[in-house]
Amino acid sequence: MAVLVLGGAGYIGSHTVDRLVENGYDVVVVDNLVTGHVDAINKKARFYEGDVRDKEFLSGVFDKEDIEGVIHFAAFSVVPESMEKPLKYFDNNTGGMITLLEVMHDHDVKKIVFSSTAATYGEPKQIPIKETDPQVPTNPYGESKLAMEKIMHWSDMAYGIKFVALRYFNVAGAKPDGTIGEDHNPETHLVPIILQVAAGERKELTIFGDDYDTKDGTNVRDYVHVVDLADAHILALEYLKKGNDSQAFNLGSSTGFSNKEILEAAREATGKPIPAKMGPRRAGDPSTLIASSEKAREILGWDPQFDDVREIIKTAWNWKVGHPNGYNDKKGN
Ligand code: UFG
C-alpha cells in the first residue's frame, strides 16, 4: 500500500517524501508545480502532476493507486499575500481540503496527516503555546488552515476519517547532504533571505522592527529543522495506523531565537559578514511565537535531532552553496 503526499514537490513536502522513501514506504506524490519543483521529488516516488481541487484528476490517482493514508502539504503559505488575496487562499487551501476529503471518503481512505500552522493561534495568550490555547488567526492564511482543521474534525465525526494536524512553528534547514532544500520565488522567510545576503545575491537584510517587547526588541521565533519536521509526519502516520484518535500537535523546538540572534548565528554558520539594517515592523507579525512541543514528544515519541540553530542554518547554507540558483526549473510564482 502507498502513502499519498499532496504537495510533495514543495519545501517540507519534498523532505517528507525523501524520509518516507528512506524508511521503505511506497510513495505517491501529487503536486501542481505552481510553487513546487519536480527536481525536489525523490525519484523512487511515483509523481502525478495535477491540482488537489481537480476532483476528476484526484479520483483517478486514488483509483490507480492503493492509498493507505494521505499527507497533505498542498497549500499557499505566504502570510502577506494572503492579506491581499484572501480568496486565493480560501479557494486553494480550504477548497482543496474539501475536494480531498470527498475523494478520500469515496475511496474509503481514513487517515490524513495535515500541515497546519502556528498562524492558527494568532497573537498568543501565553508562551509557550499549547495545543489547547485559543485559535484566533490574524490573517487569511491562518484562517484558511484553521478552517481546514475544522473541516477535518467534522469529516471525522461523520465519516470516521482520522486526522493529525501538525501545527508548525518556523521551519528552516535542508537535507544535510545538500541535495534538496528551500527554493521559493519570491523568497519571504528570514533564514533563506539572510543566506541570499551571505551569498551576495542581496545587498543587506532588513530586520522588520526592533521595538517589540522582547529581549532585544526584535521578534522571537521557534525554529525546527525540516528533516525533524518531516519525521514527525511519519510518526503521525504510524500513530493513525495504530487506530488512535484524531489529534493536533505543535512542532517546534520550545526555544525562542530573536531575529538578531538568528542573524548572528548565520554570520557564525557561514563565516560571512551579512550586512543588516533595521526597518519598520511588518504588518501582522506577532511579537513572540514559541511552541510547547511536549505533546508531540510524549504521544508521537517525536525526538528532534537538531537542537542548535547554527547547525540548522549550516544545513541550509550547504544547500545554498551547492545550488546558488535553487532548482533548475526557474519560474515566477
Ligand atoms: N523577517 C525580517 N526580515 C525579512 C524577513 C523576515 O526581519 O526580510 C522577520 C519577520 O518579521 C519575523 C521573522 O523574521 O519576525 C520570521 O519571519 P518569517 O517570514 O521567516 O516567518 P514567520 O514567523 O512570519 O512565518 C512563519 C511561517 C508561516 C506561519 C507563521 C506563523 O513561515 O507559514 O510562521 O505565524 F504562518
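Ligand shell, strands and classified residues

User: How do the residues of the shell around the ligand divide into nonpolar, polar and charged?

Analyst: In this predicted model, the shell around the ligand divides into nine nonpolar, eight polar and three charged residues. The shell holds 20 residues, and the closest are L190, T206, N219, R282 and D285.

User: Which elements each supply at least two residues of the shell around the ligand, and which gives the most?

Analyst: Helix α6 (190-198) and strand β8 (205-208) each supply at least two residues, and β8 gives the most, with four residues.

User: What makes the approach of D285 to an oxygen atom of the ligand a polar contact?

Analyst: A polar contact is a pair of N or O atoms within 3.5 Å. A polar side-chain atom of D285 lies 2.6 Å from an oxygen atom of the ligand, and a polar side-chain atom of R221 lies 2.8 Å from an oxygen atom of the ligand, so both pairs meet the criterion. For T188 the atom concerned is a backbone N or O, which lies 3.5 Å from an oxygen atom of the ligand. As for cover, the protein takes up 90% of the 690 Å² of accessible area that the ligand has on its own.

User: Why is strand β1 called mostly covered?

Analyst: The term buried requires under 20% relative accessible area, and five of the five residues of β1 (residues 2-6) are buried, so the strand is described as mostly covered. This cover applies to both faces, with A2, L4 and L6 buried on one side and V3 and V5 buried on the other. In a regular strand the side chains alternate between the two faces of the sheet.

User: How do you know that β1 and β2 pair?

Analyst: Two strands pair if at least two bridges are found between them; β1 and strand β2 (residues 26-31) are joined by five bridges and run parallel, so they qualify. One example within this pairing is L4, whose bridge partner in β2 is V28. Between these two strands the chain passes through helix α1 (residues 11-22), and this β-α-β crossover is right-handed.

User: What joins β1 to β4, and which residue in β4 stands opposite V5?

Analyst: Five bridges join β1 to strand β4 (residues 67-72), and the two run parallel. I71 in β4 stands opposite V5, while the bridge partner of V3 in β4 is G69. Strand β4 is itself mostly covered, since six of its six residues are buried, each therefore under the 20% limit. It also pairs in the parallel sense with strand β5 (residues 111-117) over three bridges, and in that pairing H72 stands opposite F114.

User: Why is K162 called partly exposed, whereas K320 counts as buried?

Analyst: Partly exposed covers the range between the buried limit of 20% and the exposed limit of 50%. K162, in strand β6 (residues 162-168), has a relative accessibility of 25%, which means that it falls in this range. K320, in helix α10 (residues 309-322), has a relative accessible area of 12%, so it lies under the 20% limit and is buried. The side chain of K320 reaches the backbone oxygen of P324 at 3.4 Å.

User: Why is F47 called partly exposed?

Analyst: F47 belongs to strand β3 (residues 46-49), and its relative accessible area of 28% lies between 20% and 50%, so it counts as partly exposed. F47 and V5 are 42 residues apart along the chain, and their C-alpha atoms are separated by 9.6 Å.

User: What makes D108 exposed, and S254 partly exposed?

Analyst: D108 has a relative accessibility of 56%, which is over 50%, so it counts as exposed. S254, at 35%, lies between 20% and 50% and is therefore partly exposed. D108 is found in the loop between α4 (86-106) and β5, and its phi is near 60°, a positive value in a residue other than glycine. S254 lies in the loop between β11 (247-251) and β12 (257-258), and it has a positive phi of about 70° although it is not a glycine.

User: Which residues does a cis peptide bond with omega of about -5° join?

Analyst: That cis bond joins I127 and P128, and P128 is placed in the loop between β5 and α5 (140-159). The peptide bond from N185 to P186 is also cis, with omega near 0°, and P186 lies in the loop between β7 (170-172) and α6.

Notes: Residues are numbered from 1 along each chain as its sequence is written. This is a predicted model: local features need pLDDT of at least 70, side-chain atom pairs count only at pLDDT 80 or more; totals for chains, interfaces and linings use all residues. Side-chain values use heavy atoms; hydrogens and water are left out. Buried means under 20% relative accessible area, exposed over 50%, partly exposed in between (1.4 Å probe, protein chains only). A crossover is right-handed if, with the strands pointing away from the viewer, the path from the first strand over the helix to the second runs clockwise. A residue is near a molecule or strand if one of its heavy atoms lies within 4 Å of it. A polar contact is a pair of N or O atoms within 3.5 Å; within protein, one must be able to donate a hydrogen and the other to accept it, and residues adjacent in sequence count only if both atoms are side-chain atoms. Accessible areas come from the Shrake-Rupley method with a 1.4 Å probe; for residues, only the protein chains shown count as cover. Ala, Val, Leu, Ile, Met, Phe, Trp, Tyr, Cys and Pro count as nonpolar, Asp, Glu, Lys and Arg as charged, and the others, Gly among them, as polar.
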